[in-house]
Each structure stands twice: as C-alpha cells, then as structure tokens.
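Me: Could you take a close look at one part of this structure for me, the largest pocket together with the sheet that shares a strand with its lining? I'd enjoy a connected walk through it.

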Amino acid sequence: IKKETFYNLTLNDTCTVDNDLNFVTMHDSVSVRDTLALIDGVLNLNTNVFTIINSLSSAIIGGSDTTFIKSETTPIAGYGFVDWKIGANAGIYRYPFGKSGFFKSGEYIPVTFNITTTGDVSGAISVATYSTVVNNLPLPTGVNNVDRNGVNNSSNTVDRFWIINSSYTLAPMVTFTLTTTTSELDAVTVPQAQRWNSATSL
C-alpha cells in the first residue's frame, strides 16, 4: 500500500500461497477516516504510520491470531506506529497487534487502553511494539539499559518493548494492558510494566 487516505479499509487477504511473505505491506504512511476491518491476513506496517482518524473505539474491527497489524520493526530500521486520533472520548481502545508465524498465523498481542476520564479533543495515542532476543536487544531509542538497582535485569524482563506516545495537552485517565507472546515471557511469572525515565536513565 502506498501513501493514501481511505474512508474505510478492509483487510481480507484470500491468497493461498503458503509462504512467510504473505502480508499486505505498507510502503508509506496510510490514514483511514472511518473504519479499519480486519477479516483475514496481516497488515505489515513496515516502519510506517497507520493513522485512524475516527475517534470512536469502534473504528477498528477484528483482530485474532490470523488477522492483525504487524509492527515489529526495531529502532534500527524505524518503528511502525498505529496512531489513533482518540480525542475527547472514553472507552476501550484496542490496537490489534500480532507477531507473525508462518502463513497467516501468529500470536495476537493487542495493546488495550481503557479510557475512563477524557482528555482534550486534539489528543492522540500512538503505539509501536517489537520483540527482542533474550538479552532485550536492541533497546529502544534513548534507552541505554534494563537494569534494576544498577544490575542488568534482562533475564527477568520480557523480550518485547512498547513505544507509546501521547499528543494530549490535557491527558486522559487511562489503564492499559500489554500483551506478549508465550515465548517472550521467559521466566517472568508475574509481569509488570516498567517505564523508562529519561531524566534518571532508569
């Protein structure tokens, strides 16, 4: 897909070629004014930005192990973001990410925001995510360690990062859920979110 703004966009990949390259791949940033419907197949962001202009939580339909949005590019190549212009709305907003396996299969790893108190009308939340090897490399841009109390804590850190940006001036009240694949959990039995603080490098 090249740079374009759609009113509605439906992903229904009926290709039966059994190979790992069977994705709908973006080659530039794309916007959807109303609804993205995921029926079958994988939408590969390929380091680009997919923008949802519709501020309602119903603007994205679908999401499963066989149909999802693939972010997965590291900071070395450039992130692939879903940017949702949520504005002054409340509700459950699900970013339907997945990690691809072989031929339209994978693991569904959505990022979900439950907005209980609204922010300002011009606000948006953009999300990218990617998996890493067991030592959590490569680190996100601006992050220089996954230490705890000055000691490398990669063995107790899930093998995935999330980059979450907000353009709100008046921030909404939000709880959120991050999802990993089973293999990315490693030995972590009670995962907890940890936010990088650029001011303290912790």
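Reply: Happy to! One term first: two strands count as paired if DSSP finds at least two bridges between them. Please keep in mind that this is a predicted model.

With that in hand, let's start at the sheet. It is an open sheet of three strands in the order β8-β11-β16, and the pairing is antiparallel. β8 (91-95) and β16 stand at the edges with a single partner strand each, so one side of each has no neighbour in the sheet. On average, neighbouring strands here are turned by 20 degrees against each other, with direction ignored. Looking at one of the pairings, β8 and β11 (residues 111-117) run antiparallel over five bridges. Within β11, Thr112 is the bridge partner of Arg94.

Now to the pocket. The largest pocket has a volume of about 1,500 Å³. Its lining counts 42 residues, and those closest to the pocket centre are Leu178, Ala193, Gln194, Arg195 and Trp196. The elements that contribute two or more residues to this lining are β13 (147-148), β15 (160-166) and β16 (173-177). β15 supplies the largest share, seven residues. As for chemical character, the lining divides into 25 nonpolar, 13 polar and four charged residues.

β16 is the link between the two halves of this tour: β16 is an edge strand of the sheet, and β16 also gives two or more residues to the lining of the largest pocket.

Key:
Residues numbered from 1 in each chain as written. Predicted model: local features only at pLDDT ≥ 70, side-chain atom pairs only at ≥ 80, totals over all residues. Heavy atoms only, no water. 1 Å grid on protein atoms, 1.4 Å probe; cavity = no way out; pocket = protein on both sides within 12 Å on 5 of 7 lines; lining within 4 Å. Points joined across faces, edges and corners; volume = space filled by probe spheres on them. Helix = DSSP H or I, 4+ residues; strand = E, 2+ residues; numbered from the N terminus. Nonpolar A, V, L, I, M, F, W, Y, C, P; charged D, E, K, R; others polar. Axes fitted to C-alpha atoms, helices over the stretch in contact; angles between N-to-C directions.
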